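Subject: Structure for you to look at

Hello,

Here is the structure I promised to pass on. Please open it next to this email and follow along.

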Amino acid sequence: MKIAVISDIHGNMPALEAVLADIEVKDVSRIICLGDLVGKGPSTMEAIELCHAKCDEIVVGNWDKFLANTDQSSSGIDYFRRQLGTTGLEYLRKLPEYTEFYLSGKLVRLFHAHPLDVFKRIHPTSELSERENMFAEPTLAGPQKYQGVSDIAGYGDIHWAYIQNVQGKILFNAGSVGNPLDLTMASYVILEGEYESQQSAAFSTHFCRVPYDIEQAILQAEEHAVPELEAYKTELRTAVYSRKKQ
């Protein structure tokens with residue numbers, strides 16, 4: 001079975017549509033989304049609706065969880081909460097925080113950022129002990145079908161696709177569909193193996209990069225006057241993070 005793992009759409013419909021079209025021709029059986037459907041782009045509800053229609057599972061991202069639960073107010077927060085409306089906010093509040101399954105004898109856990117905290121950020125250069133903690137049994141809200149540490153951990157959050165061997169376990173990041181910060185192409189991963197089998201068998205991890213119409217995404221953002229528009233345009237065109245640190 002082939003399982004597509006997408007993440008960090010951030011309201012970018014041209015990128016999401018391009019990735020879903022690429023997935024469609026690759027004989028994929030399941031699509032799992034690792035969250036951050038909302039902001040930074042203009043199409044928050046459209047992204048939610050399309051992911052809901054196309055994905056078999058969706059877990060909540062840090063942007064999703066923050067916007068759905070915050071009582072803070074700012075021009076950016078208010079903009080995206082208005083886009084979501086009552087229906088969108090309630091939808092995000094009900095999303096699980098991780099998913100898990102066996103693949104060719106390996107326990108796989110997928111989450112947005114970290115198995116213990118949706119808001120904790122791990123990079124490929126983080127300390128070894130921090131990367132080892134990515135395989136911990138989750139304390140997040142989720143299916144809780146299996147106990148113990150995972151063999152394969154996959155996440156999104158940092159918008160940077162990579163794979164590492166961490167003390168004999170596999171850690172990978174699916175990158176970002178709508179706001180990649182490594183290459184100016186949408187990113188996703190395909191896992192292939194024997195789904196929900198605890199017997200050892202062949203498996204693989206494929207990294208996919210998909211071109212999309214960046215200028216169309218920028219035009220849509222301009223038409224909707226998204227917050228931090230210039231930073232968003234720069235990030236899409238250069239894959240370099242350009243926002244002010246909070």
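**The sheet and what surrounds it**

Strand S1 is largely enclosed by the rest of the structure, because 4 of its 5 residues are buried. Please keep in mind that this is a predicted model.

S1 covers residues 2–6 and runs parallel to S2, with 4 bridges joining the two. Two of the facing pairs are easy to find. Isoleucine 3 sits opposite arginine 30 of S2. Alanine 4 has isoleucine 31 of S2 as its bridge partner.

How does the chain get from S1 to S2? It passes through helix H1, residues 13–24, in a right-handed β-α-β crossover.

Now look at S2 itself, residues 30–33. In a regular strand, side chains alternate between the two faces of the sheet. S2 shows two such directions: Arg30 and Ile32 point one way, Ile31 and Cys33 the other. Are these four buried or exposed? All of them are buried.

S2 also pairs with S3, residues 57–58. Those two strands run parallel and share 2 bridges. Here isoleucine 32 faces glutamate 57 of S3. A second right-handed β-α-β unit is built from S2, helix H2 (residues 44–54) and S3.

On to S9. S1 and S9 are antiparallel and joined by 4 bridges. Valine 5 stands opposite valine 189 of S9. S9 spans residues 186–192 and pairs with S10, again in the antiparallel sense, over 7 bridges. In that pairing, tyrosine 188 has cysteine 208 of S10 as its bridge partner.

Put it together and you have an open sheet of 5 strands. The order is S3-S2-S1-S9-S10, and the pairing is mixed. Which strands stand at the edges? They are S3 and S10 (204–210). Each has a single partner strand, so one side of each has no neighbour in the sheet.

Helix H1 lies across S1, S2, S9 and S10. Its angle to S9 is about 30°.

**Two buried residues in a loop**

Next, the loop between S1 and H1. Histidine 10 is placed there, and so is asparagine 12.

Why does histidine 10 count as buried? Its relative accessible area is 0%, and buried means under 20%. The side chain of histidine 10 makes a polar contact of 3.3 Å with the side chain of histidine 159. Leaving out residues up to four places away in sequence, histidine 10 touches several others, including Asp36, Lys40, Trp63, Asn179 and Tyr232.

Asparagine 12 is buried too, at 1% relative accessible area. Beyond its neighbours within four places in sequence, asparagine 12 is in contact with Gly178, Tyr212, Ala217, Tyr232 and Leu236. Tyr232 is thus on the contact list of histidine 10 and on that of asparagine 12.

**Aromatic pairs**

How many aromatic pairs does the structure hold? There are 5. One is formed by phenylalanine 101 and tyrosine 195. Their ring centres are 5.4 Å apart and their planes are 50° apart, a tilted pair. This pair links distant parts of the chain. Phenylalanine 101 belongs to strand S4 (residues 98–103), while tyrosine 195 is in the loop between S9 and S10, 94 residues away.

The two partners are not equally covered. Phenylalanine 101 is buried at 0% relative accessible area. Tyrosine 195, at 26%, counts as partly exposed.

Another pair is tyrosine 155 with tyrosine 162. The centres are 6.2 Å apart and the planes meet at 80°, so this pair is edge-to-face. Both tyrosines are buried.

Look for a cluster as well: ring pairs connect Trp63, Tyr79 and Phe80. Trp63 is one of the residues that histidine 10 touches.

**One exposed residue**

Last, go back to helix H1 and find glutamate 24. Is glutamate 24 buried or exposed? At 66% relative accessibility, it counts as exposed. Now locate glutamate 46, 22 residues from glutamate 24 along the chain. The C-alpha atoms of these two glutamates are 19 Å apart.

Best wishes

Note on methods. Residues numbered from 1 in each chain as written. Predicted model: local features only at pLDDT ≥ 70, side-chain atom pairs only at ≥ 80, totals over all residues. Heavy atoms only, no water. Buried < 20%, exposed > 50% of the residue type's maximum accessible area, 1.4 Å probe, protein only. Pairing = 2+ DSSP bridges. Right-handed = clockwise from strand over helix to strand, strands pointing away. Contact = heavy atoms within 4.5 Å. Axes fitted to C-alpha atoms, helices over the stretch in contact; angles between N-to-C directions. Polar contact = N/O pair within 3.5 Å; in protein donor to acceptor, adjacent residues only side chain to side chain. Phe/Tyr/Trp six-rings, centres within 6.5 Å; stacked < 30°, edge-to-face > 60°.
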